Amino acid sequence: MLFLAYFVATLISSAFAAPLKKKETPINPLDYVDLFYGTENGGNMFPGATRPFGMAKIGVDVSDPSFGNAYSGYAPGGEILGISMMHESGTGGAPEYGVVAQLPFSGEFDHSKQVTLKRVQNDTARVGYYAVNTTDVDIEFTAGERFGILQYYFKRHASILVNVSHHLTAPDRPWWTQKFVNGSIEATTDGYTGVATFEGGWGDQEPWNVFFCSRFSQPASSVVAFDKDGQRNATTSSGTENIGLVFDFDATEIKSSVGISHLSTEKACDNIENDDFNTVLQETEAIWAQSMGKFEVKEGPYTKRFYTNLYGSQLLPTNKTGESKNGEDILYDDYFTIWDTFRCLNPLINIIDPSRGSEIVQSLVNIFKNDGWTPDGRSANQNGRVQGGTNSDIVMADAIVKGLQFDWKPAYAAMKKNAEIQPPYWYDHFAPDAATNQGRGALPDYLTYGFITRNYTRSLSRTVEYAYDDFALSQVAKKLGKQDDYEKYLERSANWQKIWNKDASADGYNYKGFLQPRNADGSFNSTNYDPFSCGGCYWGDDEYEGKPVEYGFAVPHDIASLISLIGDNDTFIQRINDLYPLHGKKIADVGNEPSFLTPFLFNFVNQQYRSVELVNYILRNNFKEGSKGLPGNSDAGAMQAWVIWSLMGLYPIAGTTTYLITSPSLSSVKLKLGNGSTFEIKANNLSEQNIYVQSLKVNGQHWDKNWVDHDTLFGENGGLIEFELGSDAKVWETGEVPPSPGHYTASA
């Protein structure tokens, strides 16, 4: 009876007890990554095997005339020409790398004919792993930091072609294509070593070397050498075109471990850290899991999109520390280009992994120390192509104002050199007026007039960018206590106002005042001027990859002055609306960087709900999932970084500590910060309709501003931003508008 009474009492007690909460199982970020995201439709993403910022980016190189130039080597159709060890990702212009290649095949070899592989199904991939199935052989490969392992499963006779001269080309842009200069290879039956030299490419690089080393899992039965003159039984080959070796095997399963280096074959061999495929794959997966696991995101409609874009933001620049002629200097290469990445990608790295951000900026400093200039574009350990300003200045400033640790003084020296010294002339047939490989090519005009005249190409866009770069320099001067320099460069940061023509108009629009190219005598050039057109929008035009009306909003350091020049808040709002099909026409190019900031600018007139509407519209209509999900080149992860920030409901103003607030598309986000604290986002009541902010708390306190400072969210104690969302658009912000720290009225 006592037992029965106890049982009944326990049952009654349990009935009224609070139900146990179901423990949520943490999701694995790697399961949500689509490696083929953005590989088509001009996104040019690299879908192969690699590690975060890894030098080895192993992928298929494909010939597919219907696809166009395969900038990352990959195309979904066509025939495979090789599997090579180095690639860039998401770039335009012309491809780089596609070097150090192997091609497994079956059948007779003829050096005068192109050997190719035909797929029998679509390629498959997951983080760190790639597989190809062909008529002759099934292939899988994985990547280490500076090596990879390629596993071949032959269906009949096994041969491996090593073409030393293999590289990606740009048939549609022969003036920028890479060229093989010379090379050599030496083999035993167990493997081979060699070196290849290339030049050219989008950065117009001088000749550069890549050394390689490979060892096979079992010895070859024979080796055949070839060059342009024929083929012969030999274990060496060298020359200036079409050289290499063919290895034949008696086995049908062959494994090849391949190391790469810019320094020597010995270093390439040393870079092969392990020959076990599964061990290397598991290590690569673990490294990615650690990197991406800093974010904890709840399962939802945008989880896949978040982690896929997060992955794509960690491919470039390439960590080549220890691969420079200066030994163990911290070195990152393949900035393709900072013009693309400074707005979103570098600020994202600075919060996700401040140690990595510090290394990247220290690398810029080391490049300055060794080469004399910081880069804008850079590949193969050489500076090459400045699209606009010296926007490495903004990358360094962003790191400094956010407290990242590196050598600030030489960084400041590099920035001042960019601002004051004309770089040596470097001929560019697309822009022969001045150097385009480093520094500010149009500096003489800028120092003389305060703006760039049409004696130089890209006069309007470079005037705007030089002004923003000067602002970045002023902020570093302020941080270092250099008051005179701070005031000097702050004043210069207003130079963009000198090309504002208050009388300029555009057909079909009821307002005046636009940026306009200006002549040395102070007059505005009116020849073929239309603020809604940039002609070819390229190297020889007045504006680079953006229309004058777009560049008018590309002054994030001084939006207060822009609003003043425009006249009033209502006209400011109308001008932004006119650029997007949500309310106007399709004018702004959401797939290009000059208009990255514009959708967020309603915050500057305390109309944040409009920013929410427009950012959400762009996310849902221009950025999709899948291989055609990007609206243009990924630009080394710049596009992905924009998506990440937008999904979190924030946007960084690079070179400052300000983040604009919109509305998150994720119900919960947690980020483990480098200092051990946590940054967290909570979006209460989030749904497809509930996108508008009703109220906001920051660190538990009511928040009446639509912006927040870096230290408030990402400082020593981390931060929490909590959104109450609803379906009603409302003006909830009553506090001061975002700061314009570059606010300065320019003299005429």
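Modeller: Accessible areas here come from the Shrake-Rupley method with a 1.4 Å probe. The structure is a predicted model.

Biologist: What share of the area that the protein chain exposes do carbon and sulfur atoms supply?

Modeller: The protein chain exposes about 27,500 Å². Of that area, the part supplied by carbon and sulfur atoms is 47%.

Biologist: How many helices and strands does the protein chain have, and what is its radius of gyration?

Modeller: The protein chain has 18 helices and 31 strands. For 748 residues the globule rule gives 27 Å, and the value for this chain is close to that, so the chain is as compact as a globular protein of that length. Its radius of gyration is 28 Å.

Biologist: What percentage of the residues of the protein chain count as buried?

Modeller: A residue counts as buried if its relative accessible area is under 20%. Of the 748 residues, the share that counts as buried is 63%.

Biologist: Which helix gives the largest share of the largest nonpolar core?

Modeller: The largest nonpolar core has 153 residues, and Phe-306, Phe-572, Trp-642 and Ile-721 have the most contacts inside it. Ten residues of this core come from one helix, residues 459–479, and that is the largest share. The element is helix 11.

Biologist: Which residues does Phe-306 touch, not counting those up to four places away in sequence?

Modeller: Contact means heavy atoms within 4.5 Å. With residues up to four places away in sequence left out, Phe-306 touches Phe-295, Val-297, Ile-644, Leu-647, Met-648 and Leu-666.

Key
Residues numbered from 1 in each chain as written. Predicted model: local features only at pLDDT ≥ 70, side-chain atom pairs only at ≥ 80, totals over all residues. Heavy atoms only, no water. Helix = DSSP H or I, 4+ residues; strand = E, 2+ residues; numbered from the N terminus. Rg over C-alpha atoms; globule rule 2.2 N^0.38 Å. Buried < 20%, exposed > 50% of the residue type's maximum accessible area, 1.4 Å probe, protein only. Core = buried A, V, L, I, M, F, W, Y, C linked by side-chain atoms within 4.5 Å.
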